[in-house]
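Grab a pencil and open the viewer. These exercises walk you through one protein chain, a step at a time.

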Amino acid sequence: MGRYIIKRIIAGLITMFVLTTVTFFLMHAIPGGPFSPAEERKVPKAVMEKVQEKYGLNDPVPVQYVNYLKNLAQGDFGISFKQTSVTVNELIEQGFPVSAKVGLIAIIVALLVGIPLGITSAIKRGKWADWLSMIIATVGISIPNFVLSVLLLFLFAVVLKILPTFGLTSWQHYILPVTCLAFSPIAYIARLMRSSMLEVMRYDYIRTARAKGVHELQVICKHALKNAIIPIVTYLGPLVAILLTGSFVIERIFSIPGIGRDFVSSISDRDYSVILGMTVFFGAFIVICNIIVDILYAVIDRRIKIDE
């Protein structure tokens, strides 16, 4: 187990290095820069040179790259070019807890709704409960969350006027963004759970348990669920990383002061340090979640060998 974890950490570090390198050079290859609007306003050349020198943007790109890696190795993501009084580390510290709270609630909702929905669909295969569950799952997969957010905003905020539309000052403010974030994962989890449960229910040990007179609820919860839930764990890894680090569109629509909002703003502003810092943070979070998921495989099912 220890050797496997070390291998995964090394692979994760290589992945992060490649991600950082590609993002850095692609970002500098795009025309324009963080101070292009100032140049368009015909700011004096001497002033622009001073600004470029202050942030090291007049150095050759390879030199900037090496300097960035040195700072990154010390955990320093740099300072924002647009919000000069704030560092990227501070933006992450301020925005991540907000995004993580909303994302964690959405994950819990998705699991509490999606897993029972998939189990019910598998048990009642071919019946109205199965059809209803699959209709919900299909709709959840088909409708993008930004379309769903607009529809829910119009219905509950404009027509019914019963829910707030922006901010997170009360528990009512969480309903719409959490629903929008959880709706698609509910659909995926339900479909995965249904197909996995149908497969597991055909196994011999399930037939044996039923033949021994074990109650159906115990057969499902104790014997079938443990193996059927493995695909959910696989999906849960990237899902946790995506939702906990913030949904860019949802945070923008509902004016949530999370990390996703800053990332979207940095792209439009060409804020190099924020773009790189957020990308590295997101990438590291996904790598960590995937490592945890791989370890959970062996915990959930002892038949899975770590070496494999």
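What follows is a set of exercises on this predicted model, each with a worked solution.

**Exercise 1. Getting your bearings**

Work out how many helices and strands the protein chain has, and what share of the residues is buried.

*Solution.*
Step 1: Count the secondary structure. The chain comes to 14 helices and 0 strands.
Step 2: Read along the sequence. You meet one α after another, in the pattern α-α-α-α-α-α-α-α-α-α-α-α-α-α.
Step 3: Turn to burial. The chain has 308 residues, and 43% of them count as buried.
Step 4: Check how far apart in sequence the contacting residues are. Take the contacts with a separation of 6 or more: residues 24 or more positions apart account for 72% of them.

**Exercise 2. The second largest pocket**

Find which elements line the second largest pocket, and describe the kinds of residues there.

*Solution.*
Step 1: Start with the volume, which is about 290 Å³.
Step 2: Look at the lining. It has 15 residues, and the closest to the pocket's centre are G12, L13, M16, A284 and V287.
Step 3: Place the lining on the chain. The elements that give two or more residues are α1 (2-29) and α14 (272-300). Of the elements, α14 gives the most, with 7 residues.
Step 4: Sort the lining by type. You get 13 nonpolar residues, 2 polar ones and no charged ones.

**Exercise 3. T23 in its helix**

Decide whether T23 is buried or exposed, then list what its side chain reaches and which residues it touches.

*Solution.*
Step 1: Locate T23: it lies in helix α1.
Step 2: Compare its relative accessible area with the cut-off. The value for T23 is 16%, so T23 is buried, as buried means under 20%.
Step 3: Follow the side chain. The side chain of T23 reaches the backbone oxygen of L19 at 2.7 Å.
Step 4: Look further along the sequence. Leaving out residues up to four places away, T23 touches L276 and T279.

**Exercise 4. The cavity**

Say how many cavities of 30 Å³ or more there are, and what surrounds the largest cavity.

*Solution.*
Step 1: Count them. The structure holds 1 cavity of 30 Å³ or more.
Step 2: Give the space in the largest cavity, which is about 50 Å³.
Step 3: Find the residues around it. There are 11 in the lining, and S99, V102, L181, E251 and I256 are the closest to the centre.
Step 4: Match the lining to elements. Those that give two or more residues are α5 (88-123) and α12 (248-253), and α5 gives the most, with 4 residues.
Step 5: Sort by type. The lining divides into 6 nonpolar, 4 polar and 1 charged.

**Exercise 5. A loop residue and its neighbours**

Find where L168 sits and which residues it touches.

*Solution.*
Step 1: Place L168 in the loop between α7 (145-159) and α8 (172-200).
Step 2: Collect its contacts, skipping residues up to four places away in sequence. L168 touches V98, V102, H173, Y174 and I256.
Step 3: Pick one partner, V98. L168 and V98 are 70 residues apart in sequence, and their C-alpha atoms are 8.9 Å apart in space.

**Exercise 6. S149 and the cysteines**

Which residues does S149 touch, and how many disulfides does the whole structure have?

*Solution.*
Step 1: Find S149 in helix α7. Its relative accessibility is 0%, so S149 counts as buried.
Step 2: List its contacts beyond four places in sequence: C180, I250, I253 and F254.
Step 3: Look at two cysteines. C180 is buried, with a relative accessible area of 1%, and C289 counts as buried at 9%.
Step 4: Search for disulfides. The whole structure has 0.

**Exercise 7. Positive phi**

Compare K161 and S255: what is phi in each, and how accessible is each residue?

*Solution.*
Step 1: Read the angles. Phi of K161 is near 55°, and phi of S255 is near 55°; each is a positive value in a residue other than glycine.
Step 2: Find the loops. K161 lies between α7 and α8, while S255 is between α12 and α13 (259-269).
Step 3: Check accessibility. K161 has a relative accessible area of 66%, so K161 is exposed. S255 comes in at 39%, so S255 is partly exposed.

Technical notes: Residues numbered from 1 in each chain as written. Predicted model: local features only at pLDDT ≥ 70, side-chain atom pairs only at ≥ 80, totals over all residues. Heavy atoms only, no water. 1 Å grid on protein atoms, 1.4 Å probe; cavity = no way out; pocket = protein on both sides within 12 Å on 5 of 7 lines; lining within 4 Å. Points joined across faces, edges and corners; volume = space filled by probe spheres on them. Nonpolar A, V, L, I, M, F, W, Y, C, P; charged D, E, K, R; others polar. Buried < 20%, exposed > 50% of the residue type's maximum accessible area, 1.4 Å probe, protein only. Polar contact = N/O pair within 3.5 Å; in protein donor to acceptor, adjacent residues only side chain to side chain. Contact = heavy atoms within 4.5 Å. Disulfide = S-S within 2.5 Å.
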